[in-house]
Amino acid sequence: AMKRLADPDGVAQKPRPRDVLEAQIQALGFSHLGDFDPEMRPGKSDLVRAYAEPDGTCGAVFMDMQSGHGAMTVLEFSTTLHPSGSVNTNNGRFPQLFAYRLDRMVAHAPWKTSAADLLQLHRRLCRTARDEGFMPEPVPSGQFAEKVREVSLKDFDYQVGAGRYRKVGEGRYRISLRGTLIAVPVLWYLQVYGN
């Protein structure tokens, strides 16, 4: 589920930027869609702050994340493609442990320190997708939460098919033994040698 965090008027107001990256997103013309709790991890409250370009073809989310390495905020740009797939570009430093479908491009660029630089890389990847016949598809702002839920469930179902996760209930997943065996050496390497 993507639970919208309460807004008294039901309308997302432009928030005061939490950091430099959020101020840059606002300066780039992205409008605030709202704050959400993705409710992905039982007992933990995560925050997703969502933005979108005026034409709806590119979304930007700030995700507060935690791992054994500590807490951080990740900025991710996302564009849905037609007839299928998406391009996602983020500045996350956490190791990539998911396996993604062939039509879902996920690029990690932790060296990109400004929102404009990360967006420029994202747009280059979208142009490459367009050259291959995958056109950007606008997502209406009112469908943001449902779209995130739909894409997340597809990703987790793909993990189940790859043997990395197991489905333990409706919309609930946990890492499998195989997933753990794949993840542990990567995490151990990063703990010892760093990013």
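pLDDT is the predictor's confidence in each residue, on a scale from 0 to 100. The structure here is a predicted model, and its mean pLDDT comes out at 82, with 80% of the residues reaching 70 or more. Confidence bottoms out in strand β1 (residues 3–4), where the mean is 66, and peaks in helix α2 (residues 115–131) at 96. Where pLDDT is low, the predicted coordinates should not be read in detail.

As for the overall layout, the protein has four helices and ten strands. Going along the sequence, these line up as β-α-β-β-β-β-β-β-α-β-α-β-β-α. Of the contacts with a separation of 6 or more, 47% link residues 24 or more positions apart. Buried residues account for 36% of the 195 in the protein. The accessible surface adds up to about 11,400 Å², and carbon and sulfur atoms supply 55% of that.

Then there are the cysteines. A disulfide is a covalent bond between the sulfur atoms of two cysteines. Searching the whole structure turns up zero of them. Cysteine 58 shows why it goes unpaired: the closest cysteine sulfur, in cysteine 126, sits 6.5 Å from its own, which is too far for a bond. The cut-off for calling a disulfide is a pair of cysteine sulfur atoms within 2.5 Å. Seen from the other side, cysteine 126 is likewise in no disulfide, its nearest cysteine sulfur being that of cysteine 58. With the buried label reserved for residues under 20% relative accessible area, cysteine 58 qualifies because its relative accessibility is 4%. Cysteine 126 also counts as buried, because its value is 7%.

Key
Residues numbered from 1 in each chain as written. Predicted model: local features only at pLDDT ≥ 70, side-chain atom pairs only at ≥ 80, totals over all residues. Heavy atoms only, no water. Buried < 20%, exposed > 50% of the residue type's maximum accessible area, 1.4 Å probe, protein only. Helix = DSSP H or I, 4+ residues; strand = E, 2+ residues; numbered from the N terminus. Contact = heavy atoms within 4.5 Å. Areas by Shrake-Rupley, 256 points an atom, 1.4 Å probe, with all protein chains shown as cover.
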